[in-house]
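Please walk through the model shown here, starting at its metal site and ending at its internal cavities.

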Amino acid sequence: MALLLKGGRVIDPKVDLDGIYDVVIRDGVIQEIGSDLSIPKGVTCDCTGRIILPGLFDMHTHLREPGYEYKEDIESGTRAAVKGGFTGIACMPNTHPVADNSSVIDFIKKKAAQSAHCRVYPIGAITKNLEGEDLTEMADMLSAGAVAFSDDGKGIQNAGVMRQAMDYAKMFPATLIAHEEDKSLVGSGCVNEGPISTKLGLPGQPGISETIAAQRDIELCDLTGCRLHVAHVSSYHTVDALRDAKKRGIPVTAEVTPHHLLLTEDDLSTTYDTNLKMNPPLRSKEDRAALIEGLLDGTIDCIASDHAPHAPHEKEREFERAAYGTTGLETSLSLMLTHFVAKGIFGYGTLVEKMSDAPRRALGIDTVTIEKGSCADLTIIDPNYSFIVDTDERESKARNSAFVGWELTGRASDVLIAGYFKMRDGEVVE
Ligand SMILES: [Zn+2]
Ligand SMILES: [Zn+2]
């Protein structure tokens, strides 16, 4: 099968590509990039005014299957991923049962082969049942298809266990993704500690509860040489710690979520909207500014959604008892296009680095390139498409979103995986 993408702006900073080109894809592989190209037979897709990028990747998704299919499943979660412009995602292990052994990894891979709309890379647990005590059989899980390990949602409280895990993961080598939270400082805190928590009368938790855990893991990373990836950075102290670590040459990478880049605790100050209840919590204006600075200066490598789907009854309840998190797969790209790219804070090249290349590199997965001979995993963007974030029109099973009612401009219009359309003109292909 031949496909001609005609006249789009093709951007891939890795191969120094940015210009209006035609792209010919044959049998899933990019065959030619040039001007005035034609194909004798096949499909021609007019990409005038569109931006063609290497397929985007979300390294922090909660797919919820097995066990919590009422919130989301592999089919609905990957449908949401494609809708949001992603050609691949990595899914977190806090399912039921926990993805802490090769049979659960195997199940996810098999289920994804049957029902997923995009590529799925499972992340295994670091400790059995995410209890923070006994290490899992990482080698078995890697053989079954796991790409990294994380106790996301809980974090590992015991430094000795984390050290053992790093010594072990280093041998393969595999990346450990750390959910940084020192429980002794978090307590029952469910919002950022400060004037807003006092005003709302909600228990607060300080930003340093994240930094102290991250600082510990950075030192362990230096000691062991294991690749460490710090998930969802929220506090400016953590940005400083990461900047110092990188100066010291420690092999640490980090991600930030769109909600921490765009929202603060002030958004909570007039409302107890549980859609804004996150872990880690939305923090101060100063924290948000430091996250943006860290993203721009390379301290923070990746943008990741932390897509956290929940059922309505888990969010529509008292703030302290509501579930943490927001969905993100369907809004991340549009949020970045509207609030960063369109405002000139960073360009498409940086978007590719933060949402396609760096997350794959952090997991040790090959990056996607737009050059002759590469597999055609592509995200095509319509930069002018405007819409209002609506929870009724979405592919995810979940309705919880921190961005309901936001007006956004720019979205993925088409997604290609191995040369096949998985989304065409904004509609997920069945
Ligand atoms: Zn987490
Ligand atoms: Zn998470």
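The paragraphs below take up a zinc site, a buried loop residue and the cavities in turn.

The model is predicted. A good place to begin is the zinc ion (ligand 2), whose protein donors are His60 (NE2), His62 (NE2), Asp152 (OD) and Asp306 (OD). These donors lie 2.1 to 2.3 Å from the zinc ion (ligand 2). Along the chain they follow the spacing H-x1-H-x89-D-x153-D. What is the geometry of the site, given angles of 83 to 169 degrees among its four donor atoms? The site of the zinc ion (ligand 2) is irregular. Four donors would count as tetrahedral only if all angles lay between 85 and 135 degrees, and the range of 83 to 169 degrees goes outside those limits, so that label does not apply.

Aspartate 152 has a further role in the arrangement of the metals: this residue bridges the zinc ion (ligand 2) and the zinc ion (ligand 1), which lie 3.6 Å apart. Aspartate 152 sits in the loop between strand S9 (148-150) and helix H4 (159-170), while aspartate 306 sits in the loop between S15 and helix H11 (312-315), so the two together tie parts of the chain that are 154 residues apart in sequence. Both aspartate 152 and aspartate 306 are buried.

Strand S15 (302-303) also borders the loop that holds isoleucine 300, with helix H10 (285-296) on the other side of that loop. Is isoleucine 300 buried or exposed? It counts as buried because its relative accessibility is 0%, and the cut-off for buried is under 20%. Leaving aside neighbours within four places in sequence, isoleucine 300 is in contact with Val233, Val239, Ala254, Glu255, Val256, Leu291, Gly294, Leu295 and Lys354. Lysine 111 is 189 residues from isoleucine 300 along the chain, and the C-alpha atoms of the two are separated by 33 Å.

The last topic is empty space inside the protein. Rolling a probe the size of a water molecule over the atoms shows where such space is left. A search of the whole structure finds three cavities of 30 Å³ or more. The largest cavity has a volume of about 60 Å³. It is lined by 13 residues, and the closest to its centre are Gly155, Ile156, Met162, Ala178 and His179. Which elements give two or more residues to this lining? They are strand S10 (175-178) and helix H7 (208-224). H7 gives the most, with three residues. By type, the residues of the lining divide into six nonpolar, two polar and five charged.

Methods
Residues numbered from 1 in each chain as written. Chains lettered and ligands numbered in written order. Predicted model: local features only at pLDDT ≥ 70, side-chain atom pairs only at ≥ 80, totals over all residues. Heavy atoms only, no water. 1 Å grid on protein atoms, 1.4 Å probe; cavity = no way out; pocket = protein on both sides within 12 Å on 5 of 7 lines; lining within 4 Å. Points joined across faces, edges and corners; volume = space filled by probe spheres on them. Helix = DSSP H or I, 4+ residues; strand = E, 2+ residues; numbered from the N terminus. Nonpolar A, V, L, I, M, F, W, Y, C, P; charged D, E, K, R; others polar. Buried < 20%, exposed > 50% of the residue type's maximum accessible area, 1.4 Å probe, protein only. Contact = heavy atoms within 4.5 Å. Donors = N, O, S within 2.8 Å, 3.2 Å for Na, K, Ca; no water. Tetrahedral: all angles 85-135°; square planar, octahedral: opposite > 155°, others 65-115°.
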